[in-house]
Amino acid sequence: MRIDREKIAALAAMPDDKLWGEIVSMAAGLGFKLPAKTPPPSDMQRLRSAVTGQKINIGDAMRVLKAYKREE
């Protein structure tokens with residue numbers, strides 16, 4: 001799978017609520033259900049950091065998502 005860094009940068013630049021909507025939509029397309037409520041800004045920043053760093057850390061992003069899902 002090729003990662004489109006330009007698309008990731010565009011997603012990361014979105015406001016929290018729009019970015020979360022995209023994440024929920026992508027997850028649903030893969031059979032995952034995430035809460036509709038946008039996570040706190042600190043968690044959204046952790047997600048952005050996980051995918052916009054020099055090396056994309058999918059594991060870190062998944063940990064943030066799982067923790068948020070457990071809170072709901």
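## How H2 and H3 meet

In this predicted model, helices H2 and H3 are oblique to each other. The verdict follows from the angle: H2 (residues 16-29) and H3 (residues 41-52) pack at about 60 degrees, and an angle counts as oblique because it falls outside the ranges for roughly parallel (under 35 degrees), roughly perpendicular (65 to 115) and roughly antiparallel (over 145). The axes of H2 and H3 lie 11 Å apart, and the crossing of this pair is left-handed.

Which residues in H2 and H3 meet? On the H2 side, look for Asp-16, Leu-19, Trp-20 and Ile-23. Their partners in H3 are Pro-41, Met-44, Leu-47 and Arg-48. Sorted by class, the contact of H2 with H3 has 6 nonpolar residues and 2 charged ones, with no polar residues.

## How H1 and H3 meet

Now turn to H1 and H3. Their axes cross at roughly 165 degrees and come within 10 Å. Angles over 145 degrees count as roughly antiparallel, and H1 and H3 are therefore roughly antiparallel to each other. The crossing of H1 and H3 is left-handed.

From H1, the contact draws on Arg-5, Ile-8 and Ala-12, while H3 brings Arg-48, Val-51 and Thr-52. By class, the contact of H1 with H3 holds 3 nonpolar, 1 polar and 2 charged residues. If Arg-48 sounds familiar, that is a good catch: Arg-48 of H3 meets H2 and is part of the contact with H1.

## The largest pocket

There is also a pocket to explore. The largest pocket has a volume of about 950 Å³, and its lining is made up of 28 residues. To find its centre on your screen, start from Met-26, Val-51, Ile-58, Met-62 and Leu-65, the lining residues that lie nearest to that centre. Val-51 is a residue to revisit here, as Val-51 belongs to the contact of H3 with H1.

Which helix gives the most to the lining of the largest pocket? That is H4, with 7 residues. Helix H1 (5-12), H2, H3 and helix H4 (58-71) each supply at least two residues of the lining. By class, the lining of the largest pocket has 20 nonpolar and 8 charged residues, and no polar ones.

Technical notes
Residues numbered from 1 in each chain as written. Predicted model: local features only at pLDDT ≥ 70, side-chain atom pairs only at ≥ 80, totals over all residues. Heavy atoms only, no water. Axes fitted to C-alpha atoms, helices over the stretch in contact; angles between N-to-C directions. Helix = DSSP H or I, 4+ residues; strand = E, 2+ residues; numbered from the N terminus. Left-handed = near helix turned anticlockwise from the far one by under 90°. Contact = heavy atoms within 4.5 Å. Nonpolar A, V, L, I, M, F, W, Y, C, P; charged D, E, K, R; others polar. 1 Å grid on protein atoms, 1.4 Å probe; cavity = no way out; pocket = protein on both sides within 12 Å on 5 of 7 lines; lining within 4 Å. Points joined across faces, edges and corners; volume = space filled by probe spheres on them.
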